[in-house]
Amino acid sequence: PFDLILEVTDSATGEPFTDFDAITMDARMPAHDHGMTVDVALVPTPEPGQYTANGMLFHMIGHWEFHVDVTRGPRMERAQVSTRLEF
């Protein structure tokens, strides 16, 4: 298990973005069509726009994609980053 620090910023200004209704984070293995076996809790840090993703767990080696979804009203935007876990 590991934790990540997530920083959400306005793409136009680079300032912390906090004006949203919901934020979620997950990780998936596209080649296997499954995600993590645990739920992730996002906990605000004292810094505006920063969150700690507690309880991340990559239970298999291979290609993973992080997904961060930010919802504001009827609009949802996703940030996605890929990584590869090797031993």
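**Exercise 1. Place T45 in the fold and decide whether it is buried or exposed.**

*Step 1.* Start with the address: in this predicted model, T45 sits in the loop that links β4 (41–44) to β5 (50–56).

*Step 2.* Now look at the cover. The relative accessibility of T45 is 18%. The cut-off for buried is under 20%, so T45 counts as buried.

*Step 3.* Check who it touches. Skip the neighbours within four places in sequence, and T45 is in contact with Q50, Y51 and T52. So you've got a loop residue that is nevertheless buried.

**Exercise 2. Work out the order of the strands in the open sheet, and find its edges.**

*Step 1.* Get the inventory first. The protein chain has 0 helices and 7 strands, so read from the N terminus on, the elements go β-β-β-β-β-β-β.

*Step 2.* Pair up the strands. Strand β2 (residues 22–29) and β6 are joined by 7 bridges and run antiparallel. On to β7 (residues 75–85): it pairs with β6 over 11 bridges, again in the antiparallel sense. Finally, β2 and β3 are antiparallel too, with 2 bridges between them.

*Step 3.* String those pairs together and you have an open sheet of 4 strands in the order β3-β2-β6-β7. Its edge strands are β3 (34–35) and β7, each pairing on one side only.

*Step 4.* Pin the register with a few residues. D26 is opposite H67 in β6, S82 in β7 is the bridge partner of E65, and M29 has H34 in β3 as its bridge partner. What holds such pairs together? Strands of a sheet pair through backbone hydrogen bonds.

**Exercise 3. Inspect β6: how many of its residues are buried, and what happens at the turn into β7?**

*Step 1.* Count the cover. β6 covers residues 62–72, and 8 of its 11 residues are buried, which leaves the strand mostly covered. For scale, buried residues make up 30% of the 87 residues in the protein chain.

*Step 2.* Follow the chain into the hairpin of β6 and β7. There are 2 residues between the strands, and G73 takes a positive phi near 60°.

**Exercise 4. Compare that with D33: where does it lie, and what is odd about its phi?**

*Step 1.* D33 is found in the loop between β2 and β3. At 65% relative accessibility, it counts as exposed.

*Step 2.* Its phi is near 55°, a positive value in a residue other than glycine. Why is that worth a second look? Most residues other than glycine have a negative phi.

**Exercise 5. Find the aromatic pair made by F58 and F66, and classify it.**

*Step 1.* Searching the whole structure turns up 5 aromatic pairs. In one of them, F58 and F66 are 5.5 Å apart centre to centre, with 45° between the planes.

*Step 2.* Apply the angle rule: under 30 degrees is stacked, over 60 is edge-to-face, and the rest are tilted. At 45°, the F58 and F66 pair is therefore tilted.

*Step 3.* Check the cover on both rings' residues. F58 has a relative accessible area of 15% and F66 has a relative accessibility of 14%. With the cut-off at under 20%, F58 is therefore buried, and so is F66.

*Step 4.* Widen the view: F2, F58, W64 and F66 form one aromatic cluster.

**Exercise 6. Which residues does I61 touch?**

*Step 1.* I61 is in the loop between β5 and β6. Its relative accessibility is 47%, so it counts as partly exposed.

*Step 2.* Leave out residues up to four places away in sequence, and I61 touches M29, L85 and F87. M29 should ring a bell, since it is the residue bridged to H34.

*Step 3.* Look at the backbone as well: I61 and E86 are 25 residues apart along the chain, yet their C-alpha atoms are separated by 5.5 Å.

*Step 4.* Zoom out to the protein chain. Of its contacts with a separation of 6 or more, 53% come from residues 24 or more positions apart.

**Exercise 7. How many charged side chains of each sign does the chain carry?**

*Step 1.* Tally them: there are 5 positive and 14 negative side chains.

*Step 2.* Then locate the centres of the two sets, which lie 8 Å apart. To put that in context, the C-alpha trace spans about 40 × 25 × 20 Å along its principal axes.

*Step 3.* Finish with the surface: about 5800 Å² is accessible, and 52% of that belongs to carbon and sulfur atoms.

Conventions:
Residues are numbered from 1 along each chain as its sequence is written. This is a predicted model: local features need pLDDT of at least 70, side-chain atom pairs count only at pLDDT 80 or more; totals for chains, interfaces and linings use all residues. Side-chain values use heavy atoms; hydrogens and water are left out. Rings of Phe, Tyr and Trp (its six-membered ring) pair if their centres lie within 6.5 Å; planes under 30 degrees apart count as stacked, over 60 as edge-to-face and the rest as tilted. Buried means under 20% relative accessible area, exposed over 50%, partly exposed in between (1.4 Å probe, protein chains only). Two strands pair if DSSP finds at least two bridges between them. Contact means heavy atoms within 4.5 Å. Accessible areas come from the Shrake-Rupley method with a 1.4 Å probe; for residues, only the protein chains shown count as cover. Lys and Arg count as positive and Asp and Glu as negative; His and the chain ends are not counted. The place of a charge is taken as NZ of Lys, CZ of Arg, CG of Asp or CD of Glu.
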